[in-house]
Every structure is written in C-alpha cells, then in structure tokens.
Amino acid sequence: MPLKHPKQVASLLVFLLAMPIAVGLVGTVLPAFQYFPPLGSHQFSLAPWLTLFHSEEFYSSLTLTLISGIGAPLLAVWLALSLLAWGYEKPLFRRIEAMLAPILAIPHAAIAIGLLFLLSPSGWLLRLFSPWLTGFERPPNWITTQDPYALSLIFALVIKEMPYLLFVMLASLQTMQARQSLQVCRTLGYSRLTTWRKILIPQLYPIVRLPIFIVIAFSLTVVDLAMIIGPNTPSTLSVTLLRWFNAPDLSMRYIASAGAVVLMIVIAIVLAAWEFGHRVLQQLTTPERSNGKRQGATDYLVQLGAMLGVLSLITAFLALLVLPMWSLTRRWRFPDALPSQWTWDNIHSAIPLLIQLSSNTLLIALAATGIACLMSLLMLESKRASYTKETPPKHHPFDWLIYVPILLPQVGFLFGVSVLMLQTNINGSFLAIIAMHLLYVLPYVYLTLKGPYLAYQEEYLYQANRLRYQPWRNYLLIKLAMLKPALFTAFAIGFSVSVAQYLPTLIAGEGRHSTLTTEAVARAASGDRKQVGSMALLQAFFPVFVFWLSQQLPRHWTKWRLALKTSFSMRKKSSIDKK
Amino acid sequence: MLSVNAFSLSLDGKRLIDNLSFKIESGQVLSIMGPSGIGKSSLLNFLSGSLTPHLSASGEIYLKDQALHLLPTQERQVGLLQQMPLLFPHMSIIENLLFAIPFRVKKSERQALAIKALARLDIENKANALPKELSGGQQARVALLRTLLAEPKYLLLDEPFSKLDPALRRDVRAFVLDEIRQANIPALLVTHDPEDAKAMEGECLELKNVTSVSAVES
C-alpha cells in the first residue's frame with residue numbers, strides 16, 4: 001500500500017485500538033466505586049464492594065467460574081497435546097486435521113445447543129440406549145446438562161477449545177523440526193510418546209502460550225455457552241454479573257461493575273498462577289528428561305488423553321448431527337432412537353423469522369469483517385513500513401494491543417464501552433453492533449493475515465512498479481491478488497467470529513436487533529427444540545459455507561478467470577468473423 | 001549511452017567503492033564482477049534509484065545528457081532483471097507481458113506486441129498458461145521480454161542466470177545478448193560467474209576491496 005505517512009497512520013490506528021479499551025476499562029472501574037454520571041451518581045463510594053463481598057451468590061458463582069475456567073483449559077491442553085503426540089503424521093489423524101477448521105468455524109453456541117440436545121436426560125444419547133439397555137420408558141430425573149458442578153459446561157468448553165488448540169499447535173509445529181526430532185529419538189530407542197513428553201512439548205509450549213491464555217480468559221468469562229449448558233442458580237460469575245447488569249434495579253449496576261473488576265483480577269491471577277505452575281512443572285521435569293529412560297508411566301496419561309480427545313471429537317460431531325434432525329422432526333417420542341415422523345413444516349413456518357435473523361447476522365458479519373480486513377491491511381502496511389530489511393522488526397504496539405479485547409471479560413468491559421455509544425448516540429443501531437463486533441473480529445483477522453502479509457516477497461511489487469508505475473493499482477492487482485488465499489481465510493475466520501458473538505450484539509443493539517446467535521441462545525432454554533435446532537443449524541451453516549468458499553475460491557480463481565476470458569474473447573472473435 | 005561518474009559508496013563510514021566511473025554504449029553489456037559484500041548490488045540500486053538510506057553514496061549518472069541521479073525511480077525508465085524471474089503467478093503469460101506495455105500503446109497494438117514477443121520464444125500456444133507451467137529457462141526469457149516491453153532506456157541485470165541449470169545458461173545468455181542488441185540500449189550485468197561476463201562480449205570491470213578506510217566521507 002503506497003501509504004504517504006505510515007507513521008501518522010500507525011499512531012491513528014493505535015489511538016483507534018486503544019480508545020475503546022480505555023473507555024471500557026474506565027467505564028467498568030468507575031461505576032465499581034459508585035461513580036456513574038449517566039445515573040446521576042457523582043460520589044465515590046466503597047458501598048458496591050461491601051455489598052458484593054456480603055453476597056453469597058457472588059462466592060458460589062466465583063467458585064463455579066474458577067472450577068470451569070481452570071478445569072476446561074487444563075483438560076483442553078491435556079487432550080490437545082495427547083492427540084497431537086499420539087496421532088501426529090498418522091493417516092487417521094490427518095483426517096481429523098482436515099476436520100479441525102470447519103469445527104472451528106462453527107459458533108460455540110450451536111455446538112452447545114447440539115450438546116444439550118445430545119446429553120440432556122431426554123437427549124439423543126439416552127434415546128439411543130433406551131429402553132433396550134437402560135430400561136427407561138421416560139427421561140430419568142438425572143441432572144446431566146446444566147449440572148450444579150459445571151461439569152457439562154467444562155465438557156462444552158473442552159469440545160470448543162481443544163480443536164482450536166490443536167489447530168494452533170499444528171501450525172506452530174511447522175516452525176519446529178518435529179519430524180526430524182522424532183526420527184532422531186526413535187533411533188536412540190525412545191518411544192514416540194516419551195519423545196513428545198521430553199523433547200517436543202517443552203519446545204512447543206512457549207509458542208502456544210498466548211493461545212492458551214486466550215482459552216483461559218475465554219473459559220473464565222464465557223457467557224452464552226454458560227447460559228445454554230452451564231449451571232444456573234447459582235450460575236457462573238459472568239452470567240450472574242450479566243443478570244445484575246440487566247436488573248431492573250439500576251443500583252445493581254454498581255455491584256455488577258465491582259464484580260466485573262473482580263473478574264478482571266481473577267483472570268490476571270489465574271494466568272499468573274498458570275504460568276507459575278508451568279515453571280514449577282518445568283523445574284520438576286527437567287532432571288527427568290535426561291535420566292535416559294526410554295519410556296515412562298506418564299506415557300499412559302498421553303494415551304488416555306488421546307482416547308478422550310477422540311471421544312470428545314465424536315461427541316461434537318454427534319451434537320452437530322442432532323441439530324438438523326430436530327429441525328426436521330414432527331414427532332419424536334422419548335425412547336425412540338429416531339423421529340417417528342419427519343416434516344419440513346418447522347422450517348417452513350419459521351422462514352420469515354429465519355430470513356430476518358439471517359439477514360441481520362449476515363449484514364453485521366460482512367460489514368464488521370470487511371472493515372476488519374481493511375483495518376488489518378492498514379495496520380500491517382504501516383507496521384511493514386516501520387522496518388526495512390536492515391533494521392530488525394521491533395515490538396510493535398499493535399501486537400499486544402490487539403490481544404487486550406480478547407483477554408478482557410466481555411461482561412463489564414462491554415457495558416463500559418456502551419457508555420461511549422450512549423454518548424455518541426449510536427447505541428441500539430446496526431452501526432453500534434458492527435463497531436462492537438469489530439473489537440473481537442479485528443484481532444483474529446489481523447493475526448491470521450499477519451504472517452503471510454509480512455512474509456510477502458515485496459520484490460514482485462517493486463518489479464510491477466518498475467514496469468508500470470501505478471502504485472495503488474499494482475498494490476491491488478499484484479500484491480493483494482497474490483495474497484488472496486490469506487485474505488480469504490482471514491475473512492472467513494473473522495466472519496465466523498462475528499456470527500458467534502452474543503454479548504456484543506445484545507449490549508450494542510440494546511436487544512433491538514436479533515441475530516441467529518442471540519435468538520438461539522435466548523430460546524435454548526425454552527425447550528422448543530424444533531425451532532432452536534433450525535436456528536443453530538443456520539448459525540453453523542453460514543460460517544462453514546463461507547469457510548469452504550474461502551478455501552475453494554482462491555484455488556480456482558485464476559483458472560476460472562482465464563477460462564472465462566478466453567471463452568469471452570472467442571465469442572467476440574466469432575461475432576467479428578460473422579460480420 | 002549510459003555514463004556513471006565518480007561513484008562512491010560507504011557503509012557506516014567504511015568506504016566500499018571509491019570513485020568508480022564507466023561508460024556503456026547502446027547495445028553493449030558491461031559486466032561487473034567482485035566478491036560478495038563489495039557493493040555490487042548497491043551499485044545497481046544506485047542506478048535504479050532504490051538505494052536504502054543507511055548507505056551513503058555519491059556520484060552522477062547520465063543517460064546521454066539527462067541527469068538520472070536527480071530523478072526518482074519511476075521517472076528513470078529503468079529495466080531490472082533479477083535472479084528470480086518474478087513473473088506474477090496469478091496472471092497468464094500474455095497478461096504478464098501486456099502488463100509491461102506502456103499505456104499509450106493502442107489496444108490492438110498491445111495484443112500484437114505481446115503475441116510477437118511470444119512468437120520469439122515459440123510459445124504462442126502458451127499465451128494463456130500460467131508462469132508455473134513454463135520451464136525455468138522459458139520463465140527467465142519471458143521475464144526479459146516483459147522488462148523490454150516496458151521500453152526501458154537502460155537495463156540492469158542482477159545475476160539473472162545464477163538460478164538456471166548450467167546447460168540452459170548458455171542459451172539464455174545468448175538470448176539476452178541478442179535482445180539487448182535488438183533493443184539497442186545500454187546494459188549493466190552484475191555476476192559472480194566469469195562465463196557470464198565472457199558471453200556478453202563486452203567490457204568487464206572487477207571491483208576490489210578498498211584497503212584504505214577513510215573516516216571522513218566526501
């Protein structure tokens with residue numbers, strides 16, 4: 001991009017990134033001390049904190065948050081590492097690899113709803129085994145989903161996070177010489193799993209630390225997933241806080257803000273403790289690495305983890321399969337393994353609603369992702385301009401600022417940001433929703449584009465400008481055209497992030513504009529599986545479809561373009577010949 | 001005729017090239033040889049107007065009477081050919097060639113010019129093929145023709161043969177020399193390979209280390 005003033009552009013972008021973060025933080029922290037001019041409160045006070053610390057619900061919610069927020073990432077990391085160690089470069093594992101990206105594109109709410117349909121006492125799983133094995137003629141009184149210990153929430157989180165971690169780890173392995181290490185260690189007589197444990201995982205962990213941190217922050221703060229499949233009364237802290245924020249009694253907002261500050265501190269403490277735990281583990285295992293043992297008992301841990309990993313992938317698959325089944329069901333009595341009567345009526349009667357929800361969803365996602373792509377290009381170009389071949393790349397403010405929104409708890413932070421929207425009077429509009437989505441879409445688009453964009457061989461562009469000096473045109477027709485695969489993938493990832501957003505849509509839109517996600521989450525508890533199934537299905541369909549397009553289009557683009565061109569010119573020629 | 005007067009180059013106060021002057025007649029190729037790091041590439045960058053700012057260079061370049069060193073790259077009408085052919089991978093061969101033809105050339109003529117270039121290589125049937133479908137030697141030749149179609153006033157060659165198979169090199173060298181003579185423009189070749197220099201049938205300049213380190217820059 002022939003930017004005239006890359007430095008000024010960079011500072012403007014830093015301001016644009018930092019401003020909502022600053023507003024969100026200030027908008028969370030000040031109300032926690034009862035300072036909130038929009039409600040007419042100009043006095044600082046510690047009252048919200050005292051109320052919060054005397055609330056029993058706060059402690060029980062916090063406990064559940066800690067259990068699920070620490071348990072889920074621990075399990076997800078264990079299962080992902082085990083699957084990788086067990087399957088790396090095996091044929092079966094390659095098939096799993098190919099499935100990862102589509103699974104990642106599916107919004108977590110859709111998977112959670114599928115899990116609900118699968119695992120609840122009246123879910124598909126029990127139907128499959130009843131009554132011939134269990135003897136149940138009606139759903140048992142068990143509490144499987146929404147259990148008070150947040151186990152089903154942990155399970156849902158693991159199913160969402162393990163594929164993500166696996167995906168990131170696989171990408172990181174390309175920078176390590178994993179295959180060669182495995183070969184060398186095999187000739188030394190080490191078992192495959194011990195090699196992973198002693199050699200590869202210690203190298204891999206530092207590279208994937210940040211994605212793990214993102215997963216931890218997500219687990220501690222997730223709202224929509226917890227509403228669908230998490231415990232209620234008490235629920236996890238973020239869901240409790242959301243209820244307080246939305247309480248008719250406006251003074252609850254102060255207490256909720258204090259709780260949101262606590263949640264931020266909890267994230268910081270858990271991340272620090274995680275890192276401390278890793279250091280300790282490293283200290284403990286370092287001597288073991290060089291003791292010469294070729295295999296060890298902990299290999300079984302890896303085997304167990306791999307089995308559980310495969311099991312949870314299968315569960316995720318079943319959960320997605322049950323969504324279309326419900327949306328096509330007319331009659332499905334309890335112990336039947338399959339619906340006894342099928343119908344298109346559910347979908348048919350829901351069409352007006354589904355079209356409206358889909359068009360809202362698409363409008364928001366396309367706009368937010370389009371803007372995010374443009375902003376990422378601007379950011380990367382001004383970053384690229386800040387260093388040349390001779391001066392090594394410095395730490396750029398973009399590279400850490402971009403992570404802040406994904407590491408902060410949405411509940412609280414977004415209410416802080418919405419104060420800014422109230423001030424500028426755009427609250428409740430599509431513009432506000434798109435802006436709020438941008439906070440979460442931009443990081444993923446930027447991070448996806450960063451590697452390929454900065455690795456681009458600038459010589460092509462230089463040569464183009466020497467042959468024909470049209471910098472903007474050449475930027476589009478040469479550089480961006482060559483970066484098509486990365487651009488399309490980044491777009492698809494941004495799109496799926498936007499479609500999955502629940503809280504940003506709700507808060508910025510003030511409930512006036514529903515998307516597939518907000519509606520599906522809101523109705524998940526209603527028990528109307530036929531309706532919810534259709535919504536969740538569409539919610540999963542769009543991102544997967546866009547992702548599929550993003551992989552197919554760049555691959556065939558040039559071929560199709562040239563084929564079109566020759567057929568066109570041939571027709572022209574023949575028409576000239578006729579004359 | 002391209003002439004360079006009193007070219008000097010320093011990096012961090014260390015003089016790399018001191019007071020180099022030469023002339024190249026139209027249709028001739030001057031070869032420059034010398035060890036790595038001596039500043040050959042920087043000389044090319046100086047000639048094309050893309051020298052990185054941390055190198056300090058002085059000197060004058062004249063094309064006939066025109067002072068090139070005062071012009072930015074895009075106004076110099078310089079052609080550059082590098083190790084990599086840098087054919088745009090997402091454009092067909094003929095699109096790559098058409099890209100280079102100056103805008104003022106009429107549409108009907110553009111097509112004819114590009115086809116004529118393809119005919120020189122006997123690959124008219126590959127007009128709509130993608131660059132990756134050509135062999136390395138053909139890619140190098142297409143890259144040269146593309147550069148020449150932009151009608152440069154002088155040509156810079158930065159080791160354009162080094163990535164080619166030895167067997168191919170001789171053919172490509174002959175092709176390059178032939179095209180330069182036909183285009184009748186001065187050309188400068190930077191290379192490690194004495195065979196390259198010999199094949200160009202022109203003068204050869206060997207750059208040597210400047211032993212005296214001058215602390216003061218001119």
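Tutor: Two strands pair if DSSP finds at least two bridges between them. The model discussed here is predicted.

Student: Which residue of strand 2 of chain B stands opposite B:F7?

Tutor: Strand 1 of chain B covers residues 2-11 and is joined to strand 2 by 7 bridges. These two strands run antiparallel. Opposite B:F7, strand 2 of chain B places B:L20.

Student: Which strands stand at the edges of the sheet in chain B?

Tutor: The open sheet of chain B has 4 strands, in the order 2-1-4-5, with antiparallel pairing. An edge strand has a single partner, so one side of it is left without a neighbour in the sheet. In chain B the edges are held by strand 2 (14-24) and strand 5 (66-67).

Student: At about what angle does helix 1 of chain B run to strand 4 of chain B?

Tutor: Helix 1, residues 40-48 of chain B, lies across strand 1, strand 2 and strand 4 (55-63) of that chain. Its angle to strand 4 of chain B is about 55°.

Student: Which element gives the most to the side of chain A that touches chain B?

Tutor: The contact involves 16 residues of chain A and 19 residues of chain B. Two or more residues on the chain A side come from each of helix 19 (459-467), helix 20 (471-482) and helix 24 (529-578) of chain A. With 6 residues, the most is given by helix 19 of chain A.

Student: What distance separates the centres of domain 1 and domain 2 of chain A?

Tutor: Domain 1 of chain A comprises 1-30 + 355-539, and domain 2 comprises 50-112 + 146-328. Taken over C-alpha atoms, the separation of their centres is 24 Å.

Definitions and conventions: Residues are numbered from 1 along each chain as its sequence is written. Chains are lettered from A and ligands numbered from 1 in the order in which they are written. This is a predicted model: local features need pLDDT of at least 70, side-chain atom pairs count only at pLDDT 80 or more; totals for chains, interfaces and linings use all residues. Two residues are in contact if their C-beta atoms, placed from the backbone, lie within 7 Å. Axes are lines fitted to C-alpha atoms, for helices over the stretch in contact, and angles run from 0 to 180 degrees between N-to-C directions. Domain bounds come from an automatic or database domain assignment.
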